[in-house]
Amino acid sequence: MNIPEMLKSLQDPMGVPFYPQVFRILLVVTFALHIIFVNFVIGGSFMSVYAYFRHGAFYKNLSKAFAKATTINLSLAIVLGVAPLLFTQVIYDPFWYTSNVLSASWMVGIVFVLMTAFAFAYLFYLKSSTGKRHIALWGIFSFILIVLAAVIMHAVSYQALQPGKWLAWYMNNNSVDLYGAHLHAFQLPRFLHFIVASFALTGAFMMLYAWYFWEREDMDREYLAWAGKMGARMAVDFTVLQMVVGVWWMLSLPATFHFYTNYMFLTGVPFAVVLLLVLIRAQSDPRKYALPVAALMAVTVFAMSSLREVLRMLYTGKYDYSVSNYTLNISYGSTALFLASFVMGIVIVGYMISVVFKMGRSAKPIDLSSLKLRTWSVYLMIAWILMMIGIGVVIAS
Ligand code: HEM
């Protein structure tokens, strides 16, 4: 059996329940959301420890703010990892599952790595107000474990792209590796591309922080201006570094891909240039530019996520694999249920975000009755519960 046949035989014989292109779009969008929060976690947890060791009240405030944000961003990065996991499992199942089995111990281990990272991040957040130097160890351990999680995710994603090497990895030293105890592949420029971006995005996060809290009566505006300025500096410096790493990654790709002439890559270049120009202008007034910078960064991450998918198509195309050829076994019912839950989720999460946004911006109690999504999110939730019970009853009877 050759590799294309092997990949075909590893696909789900039931086929996919809806058009694979829809799953592909959802994979790209949700991966972009996942990696944005991964970036906030990596950059933010580093900054929480870095600022802890610096002197001065502003650094102390910043360390506390980032220590708190890290616990929330880590939860969001993990939750938002589930969505691309679902979609990659549906359309790239031969690649994803095989790679997971090849490094099974690491994939099971990542759960414990993340639980421990979260516990340490929380301890650091709770204890950092003591100011004792050894407390920083919790933050440092947490940061190291989060980077370890990134190493595992990167290795598994990269192994998945190389079916030609799977057999050799499975036959470790002429005996079958039943434990999945090794990570087999690591590509430094690709890995760094996801890590360096953390500091650019965290810079934008600090600009947004200055913009958001500016309205609050109890916040020190001098401190906010200082944090915004540092954020803008970080954002521009690390965006330049990110571009350098991006070029390095591109040069390390197989020459047969001709990636630098790919139309998706060429479309992404002007976005990166505009982002850089806006970041240079933002240095004079970081707060004013916080929203345009955040929007441009989101677009850039989305473009990066799309390019990552184009790259996967090139890798898998070498073995005649295309998600468009996946057997189609359309199930309108389950797809409608999924999309209805998705829309409902967006409305409810939208409502929660608007509540948190309004409450965080004022030190005084505020009136939330004007929020329009409130009624909708309650009705949609009731409708969804009734629908799920109804489906359960129909299936059971
Ligand atoms: C803080 C912990 C995490 C970090 C730092 C992290 C980091 C990363 C990175 C850097 C990548 C890209 C790797 C590459 O393409 O080379 C990635 C991909 C991915 N991550 Fe995470 N991740 C974390 C947690 C999770 C969790 C808990 C899940 C699942 C519940 C998850 C699901 C995924 C999936 C499915 C992909 C690949 C999607 C695809 O095939 O396109 N991640 N992650």
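Entry 1: Ser-128. I take a residue as buried when its relative accessible area is under 20%. The model I am reading is a predicted one. I looked up Ser-128 and found it in the loop between α5 and α6. Its relative accessibility is 6%, so I record Ser-128 as buried. Setting aside neighbours within four places in sequence, I noted contacts of Ser-128 with Tyr-52, Lys-64 and Ile-135.

Entry 2: the iron atom. I asked which protein residue serves as donor to the iron atom of the ligand. His-34 is the only protein donor, through NE2 at 2.2 Å. I then located His-34 in helix α2, which covers residues 20–53.

Entry 3: the nonpolar cores. I turned next to the largest nonpolar core, which has 45 residues. The members that touch the most other members are Ile-35, Leu-201, Met-207, Leu-279, Val-293, Met-297 and Val-301. I listed the elements that give two or more residues to this core: α2, α3 (57–91), α5 (104–127), α6 (136–160), α8 (188–213), α9 (221–251), α10 (263–282) and α11 (286–317). Which element gives the largest share of this core? It is α2, with nine residues. I followed Val-301 further: not counting residues up to four places away in sequence, Val-301 touches Ala-32, Ile-35, Ile-36 and Leu-201. I also noted a second, separate core of 30 residues, which includes Trp-169, Leu-307, Val-323 and Tyr-326.

Entry 4: Tyr-158. I found Tyr-158 in helix α6. Is Tyr-158 buried or exposed? Its relative accessible area is 11%, so I count Tyr-158 as buried. Leaving out neighbours within four places in sequence, I recorded contacts of Tyr-158 with Ala-185, Phe-186, Gln-187, Arg-190 and Tyr-315. For one of these partners I looked up the spacing: Tyr-158 and Ala-185 are 27 residues apart along the chain, and their C-alpha atoms are separated by 6.4 Å.

Entry 5: helix α4. I examined helix α4, residues 93–102, for burial. Seven of its ten residues are buried, and therefore the helix is largely enclosed by the rest of the structure. The buried residues are Asp-93, Pro-94, Phe-95, Trp-96, Ser-99, Asn-100 and Leu-102. I asked what covers the buried residues of α4. The cover includes α1 (3–10), α3, α5, α6, α7 and α11.

Entry 6: a surface patch. I looked up a nonpolar patch on the surface, of about 670 Å². Leu-167, Tyr-170, Met-171, Val-176, Leu-178 and Tyr-179 make this patch. From it I chose Tyr-170, which lies in helix α7 (residues 166–170). Tyr-170 has a relative accessible area of 33%, so I enter it as partly exposed.

Entry 7: positive phi angles. I checked two loop residues for backbone angles. His-258 is found in the loop between α9 and α10. Its phi is near 45°, a positive value in a residue other than glycine. At 44% relative accessibility, I count His-258 as partly exposed. Asp-320 lies in the loop between α11 and α12 (332–360). I noted that Asp-320 has a positive phi of about 60°, although it is not a glycine. How accessible is Asp-320, that is, buried or exposed? Asp-320 counts as exposed, at 61% relative accessibility.

Note on methods. Residues numbered from 1 in each chain as written. Predicted model: local features only at pLDDT ≥ 70, side-chain atom pairs only at ≥ 80, totals over all residues. Heavy atoms only, no water. Donors = N, O, S within 2.8 Å, 3.2 Å for Na, K, Ca; no water. Helix = DSSP H or I, 4+ residues; strand = E, 2+ residues; numbered from the N terminus. Core = buried A, V, L, I, M, F, W, Y, C linked by side-chain atoms within 4.5 Å. Buried < 20%, exposed > 50% of the residue type's maximum accessible area, 1.4 Å probe, protein only. Contact = heavy atoms within 4.5 Å. Patch = residues over 30% accessible without salt bridge, like charges linked within 9 Å, V, L, I, M, F, W, Y side chains within 5 Å. Areas by Shrake-Rupley, 256 points an atom, 1.4 Å probe, with all protein chains shown as cover. Salt bridge = Lys/Arg side-chain N within 4 Å of Asp/Glu carboxyl O.
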